[in-house]
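Here is a short walk through one protein model. Keep the sequence and the 3D view side by side as you read.

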Amino acid sequence: EELLRLSLFSTMAKPVSIEVYNPNGKYRVVSTKPMPGTRWINLLVDQGCRVEICHLKKTILSVEDIIDLIGDKCDGVIGQLTEDWGETLFSALSKAGGKAFSNMAVGYNNVDVEAANKYGIAVGNTPGVLTETTAELAASLSLAAARRIVEADEFMRGGLYEGWLPHLFVGNLLKGQTVGVIGAGRIGSAYARMMVEGFKMNLIYFDLYQSTRLEKFVTAYGQFLKANGEQPVTWKRASSMEEVLREADLISLHPVLDKTTYHLVNKERLAMMKKEAILVNCSRGPVIDEAALVEHLKENPMFRVGLDVFEEEPFMKPGLADTKNAIVVPHIASASKWTREGMATLAALNVLGRVKGYPIWHDPNRVDPFLNENASPPNASPSIVNSKALGLPVSKL
Ligand code: DGY
């Protein structure tokens with residue numbers, strides 16, 4: 001394996017360290033960030049790519065930084081959700097001969113897909129590999145908020161514990177309460193199952209589409225509990241989001257972010273929730289009006305939130321950090337080793353597939369064959385979100 005470390009200087013005189021694999025490779029693929037694992041690099045190198053990985057000290061790269069990385073000849077780019085992939089970047093990539101861009105994320109609200117279509121550039125994302133990991137973080141935040149884990153930890157470390165007390169950090173029991181899920185797609189459904197199965201919560205969900213599989217699961221689990229002499233769990237598909245907000249004790253948000261879901265949870269809707277409810281967000285920050293949330297947290301000390309995402313990352317709205325009833329973590333929902341390595345692999349294979357002219361995988365919900373480390377992946381791009389718009393062929397495998 002050939003590896004070079006080069007120090008390049010961009011037009012803005014920023015020192016940029018680029019790690020280069022397979023310098024004589026036929027296709028130039030750029031990754032705007034180092035990504036976990038090495039499989040993704042090996043897969044690209046094995047199929048004739050020169051891989052360039054950018055190591056720039058600052059976390060969020062600007063459009064200008066990325067234009068510099070694209071340069072005059074670039075076949076494809078693997079990028080991050082912190083980058084603004086719009087007209088300017090797709091035009092630059094197209095001029096450099098590029099065919100594909102893949103986000104290393106399932107969400108792609110940072111990508112202007114229309115602009116990509118205009119330049120004939122395929123846009124990849126990474127579904128399937130992060131479903132359970134993300135749902136597990138939503139479950140962790142739910143438990144941490146319900147049982148006040150972070151406050152209690154701070155109390156302990158602060159040397160304040162003087163002995164057991166009947167009132168010390170009393171929280172909420174989840175068993176028998178109602179979990180509300182807004183957006184019951186892959187991640188929302190996985191979370192719902194965890195909370196229903198693990199904690200015997202009843203489910204209420206809102207989604208434009210019926211989640212038959214989820215309903216069947218809860219029904220069957222309810223029957224199982226009943227047969228064992230336990231209280232069965234129940235489910236309900238709500239006819240409005242407001243119904244979920246009013247009825248649930250714990251609510252987790254799993255919609256995609258678009259114009260229709262911006263500030264979905266605002267001042268009025270927060271007011272509909274139970275005073276002691278728990279709200280969890282592992283989707284995208286702007287789904288909640290964060291300033292309104294801060295006010296709500298201040299006025300309702302028994303209301304708690306677990307947030308993985310923020311309206312203007314990396315910042316928090318003023319006052320949020322001072323609220324004891326909020327748990328905040330830095331957008332780490334997909335951060336398990338297996339998932340992050342898998343995301344890197346899917347993103348790399350999305351780009352590789354287009355560069356090599358392979359078809360698009362027929363089912364982005366079933367990407368397991370790409371993640372098997374003991375076999376070569378199929379010759380296909382696992383998930384290209386604009387494949388239809390670009391008229392790309394679908395793999396028949
Ligand atoms: C995504 O994939 O969209 C997450 O926000 C990061 O894993």
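The paragraphs below go from the cores to a helix, then to the empty spaces, and last to some single residues.

Bear in mind from the start that this model is predicted. Begin with the inside. In soluble globular proteins, nonpolar side chains tend to be buried together. Here the largest nonpolar core has 69 residues. Trp40, Leu44, Ile78, Tyr191, Leu203 and Leu250 have the most contacts inside that core. Helix α12, residues 337–356, gives the largest share of this core, with 9 residues. A second core is separate and has 27 residues. Ile182, Ala248, Leu293 and Ala326 are included in that second core.

Two of the residues just named, Trp40 and Leu44, sit in helix α1, residues 39–46. They are buried there, and so are Arg39, Ile41 and Leu43. Glycine 48 comes after α1 and has a positive phi, near 85°. Now find isoleucine 78. Set aside its neighbours within four places in sequence, and isoleucine 78 still contacts Trp40 and Leu44. Its other contacts include Val29, Val30, Ser31, Thr32 and Met35. Phe101 and Ser102 are also in contact with isoleucine 78, as are Ala347, Ala348 and Val351.

Next comes helix α7, residues 186–199. How far apart should the ends of its 14 residues be? At 1.5 Å a residue, the expected span is 20 Å. The end C-alpha atoms are 20 Å apart, so the model agrees with the expectation. Tyr191 is one of the buried residues of α7. Ile187, Gly188, Ser189, Ala190 and Ala192 are buried too, along with Met194, Met195 and Val196. What do these buried residues pack against? Their partners are two helices, α5 (131–146) and α8 (212–227), and three strands, β8 (178–182), β9 (202–206) and β11 (250–253). Lysine 200 follows α7, and its phi is positive, near 55°.

Now look for empty space. Rolling a probe the size of a water molecule over the atoms shows where empty space is left. The count comes to 1 cavity of 30 Å³ or more. The largest cavity has a volume of about 40 Å³. Its lining is made of Gln47, Leu349, Leu352, Gly353, Tyr358, Pro377, Pro378, Asn379 and Ala380. By class, 6 of these lining residues are nonpolar, 3 are polar and none is charged.

Pockets are open, and one of them deserves a stop. The second largest pocket has a volume of about 260 Å³. It is lined by 17 residues, of which Val150, Glu154, Thr323, Lys324 and Ala326 are the closest to its centre. At least two lining residues come from each of α5, α6 (149–157), β13 (304–307) and β14 (326–328). The lining divides into 9 nonpolar, 2 polar and 6 charged residues.

The loop between β13 and β14 holds proline 314. The peptide bond from glutamate 313 to proline 314 is cis, with omega near 10°. Glutamate 311 has its place in the loop between β13 and β14 as well. Is glutamate 311 buried or exposed? Its relative accessible area is 15%, so it counts as buried, since buried means under 20%. Glutamate 311 touches Tyr262, His263, Gly285, Pro286, Ile288, Asp289, Glu290 and Lys317, not counting residues up to four places away in sequence. Tyrosine 262 is 49 residues from glutamate 311 in sequence, yet their C-alpha atoms are 9.9 Å apart.

Histidine 263 lies in the loop between β11 and α10 (267–272). Its phi is positive, about 50°, although it is not a glycine. Histidine 331, in the loop between β14 and α12, also has a positive phi, of about 45°.

Finish with two more places. Glutamine 210 lies in the loop between β9 and α8. Its relative accessibility is 47%, so it counts as partly exposed. Beyond its neighbours within four places in sequence, glutamine 210 contacts Tyr205, Glu215 and Arg237. Glycine 391 lies in the segment after α14 (387–390). Glycine 391 is exposed, with a relative accessible area of 57%. Its C-alpha atom is separated by 9.8 Å from that of glycine 120, 271 residues apart along the chain.

Notes
Residues numbered from 1 in each chain as written. Predicted model: local features only at pLDDT ≥ 70, side-chain atom pairs only at ≥ 80, totals over all residues. Heavy atoms only, no water. Helix = DSSP H or I, 4+ residues; strand = E, 2+ residues; numbered from the N terminus. Expected span 1.5 Å × (residues − 1). Buried < 20%, exposed > 50% of the residue type's maximum accessible area, 1.4 Å probe, protein only. Contact = heavy atoms within 4.5 Å. 1 Å grid on protein atoms, 1.4 Å probe; cavity = no way out; pocket = protein on both sides within 12 Å on 5 of 7 lines; lining within 4 Å. Points joined across faces, edges and corners; volume = space filled by probe spheres on them. Nonpolar A, V, L, I, M, F, W, Y, C, P; charged D, E, K, R; others polar. Core = buried A, V, L, I, M, F, W, Y, C linked by side-chain atoms within 4.5 Å.
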